[in-house]
Amino acid sequence: RKLYYEVALNYQRSFNDHNVTALAVFNRKITDSTDSGNNSKMSFASYEEDWVGRITYNWKERYLMEMNAAYTGSEKFAPGKRFGFFPSFSVGWRISEENFWKNTRAGEVVNNLKLRASYGVLGNQNIGVYPYQQTYDLDHNYPLGNPATLVPGTYVSTYRNQDLTWEKTAITNVGLDFGLFNNTLNGSIEYFYKYTSDILAPVEKAGILGQNVSESNVGAVSNKGIEVNLSYNGRIGRDFQFSIAPNFTWVKNAVEELANGATEEINNNRIVGQPIGIIYGYQTEGLFVDQAEIDAAPEQLVGKSDLKPGYIRYKDISGPDGVPDGKVDAEYDRTVLGSTTPKFYYGLNLSASYKGFDFSALFQGLGGYQRQIASYMAYAFYNGGQIQRWQAENCWTKENPDKWAEYPRIETMNMNHPNLQTSDYWVRNASFLRLKNLQLGYTLPQAWTKKIGIEKLRVYVSGQNLFSFNSFYQGWDPENEIGTGDSPSYYPITAIYSFGFNFKF
């Protein structure tokens, strides 16, 4: 059950060429919920409260300004931590409205030009109901007495953080919007910088603690980059019209801070200065070709008596003294192999029409990131699994002892097999460009359709996820949800073909 109420005051005035608006809002939302468990019912009521203000100003639609401020409280946080202040500010200058621009050759070509900048802070509180309050789990039995008997009791399974507060994201944008040739070509170029601090996330804990740990404000992450959007609308003759709209975004993501001043959380794949979602593991030097190479190699993760030709050879990159020590181990010989966070986002919208025909296509892609093939896709014959064609045709064999074979020697492997360590052997470039949607339609002439009582009739064929350009594993898509564990699920991107009619009576 939700109860919501709001009070708002609005002001608006124009004088000469000045235009001013102001808004003040107070609102509160109360959410009641009931949790049924362990044969008992517990009711919760959470409150969210906002004080919001906004002021806008423009002069001749040439100089633009807007200021916003929000003071927001939530009972998801402990007293003293509930309220956060979230301001924002933006300005704009429509250069193309200036006389010095209008009356020039440049103004004839670039008929719309706007410079803008903004700064704002957003808050995040998505962490469940009362996460700071200590709770006790029921139905936990303890042996008491002599002779001992089991007595119902309670226990604390999760340590709750009383210092939780708002996660904050400060966003800075500087952009240029433009239109050329009577707005035939439009576009924008924007630089952005996002700094998220007090991130709400789990923290690493020692197993000796004997408890789980609730979310904490664990650190900071930055995202900065450039975004470019273009669109061109053209015409050839009287009947053929078309539109081309590409977009491209470059993003640099980095972990800036971690909890308690730490520089790395390897178990959570977080290292200060590196992107979110790093792949951390061993570098490799191909496969062992023969026993002589095994005997001459640095000590591997298992004893040499457990190694066979065709197994992955891990690289000794360091040791206690900062130089290779003839032994491969987890402490000194793992490094960052890549990141699952893309650096590039790109797309292309195409559309065209000719008389009654219409066409549209959407391309979409990601670049500059990697994925590690999951365990059940990485090896054959585990837990009732079956071999795949690429494994059989590209594996190491005694007859073809290829040091750089795409797959090691084929044999039954368990989860602790040395070939199954996180390593660059299983890391693949996940960049792709996909034809996301394609549609072709035809609208019948009204002279035909009105004879049967239909004002407009369009027939079309379309397809989704028709094909993808990538260098990932054959038969697998970089956007596949690749499961792990003893019951993995693989559901590939599905191509959909459609045929239909649009009627208007």
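User: What makes R116 and D177 a salt bridge?

Analyst: Good place to start! This is a predicted model, and in it the closest N and O atoms of R116 and D177 are 2.9 Å apart. A salt bridge needs a side-chain nitrogen of Lys or Arg within 4 Å of a carboxyl oxygen of Asp or Glu, so the pair of R116 and D177 qualifies. The two residues belong to distant parts of the chain: R116 sits in strand β6 and D177 in strand β10, 61 residues apart.

User: Why is D177 called buried?

Analyst: Its relative accessible area is 18%. Buried means under 20%, so D177 earns the word.

User: How do you know that K403 and E293 form a salt bridge?

Analyst: Use the cut-off again: the closest N and O atoms of K403 and E293 are 2.5 Å apart, and the limit is 4 Å, so this pair counts too. K403 lies in the loop between α5 and β26, while E293 is in helix α3, so the salt bridge ties together parts that are 110 residues apart in sequence. There is a network here as well: salt bridges that share partners join E285, E293, R313 and K403.

User: Are K403 and E293 buried or partly exposed?

Analyst: One of each! K403 has 23% relative accessibility, so it is partly exposed. E293 has 16%, which is under 20%, so E293 is buried.

User: What makes D17 and K60 a salt bridge?

Analyst: Their closest N and O atoms are 3.7 Å apart, which is within 4 Å, so the pair passes. D17 is in the loop between β1 and β2 and K60 in the loop between β3 and β4, so the pair ties together parts 43 residues apart in sequence. D17, at 33% relative accessible area, is partly exposed, and so is K60 at 39%. By this rule the structure has 19 salt bridges.

User: How do you know that β15 and β16 pair?

Analyst: Pairing takes at least two bridges, and 15 bridges join β15 to β16, so these antiparallel strands pair. One example is N229, whose bridge partner in β16 is N247. The two strands form a hairpin with three residues between them, and G237 in the turn has a positive phi of about 70°. Strand β16 is also joined to β23 by eleven bridges, again antiparallel, with T249 opposite Y345 in β23.

User: Why are no charged residues counted in the lining of the largest cavity?

Analyst: Asp, Glu, Lys and Arg count as charged, and the lining consists of Q300, L301, V302, L307, Y311, I312, Y314, P418 and N419. The lining therefore divides into seven nonpolar, two polar and no charged residues.

Note on methods
Residues are numbered from 1 along each chain as its sequence is written. This is a predicted model: local features need pLDDT of at least 70, side-chain atom pairs count only at pLDDT 80 or more; totals for chains, interfaces and linings use all residues. Side-chain values use heavy atoms; hydrogens and water are left out. Helices (H or I, at least four residues) and strands (E, at least two) are DSSP runs, numbered from the N terminus. On a 1 Å grid over the protein atoms alone, a cavity is a set of points where a 1.4 Å probe fits but cannot get out, and a pocket is an open set with protein on both sides within 12 Å along at least five of seven lines; lining residues have an atom within 4 Å of a point. Buried means under 20% relative accessible area, exposed over 50%, partly exposed in between (1.4 Å probe, protein chains only).
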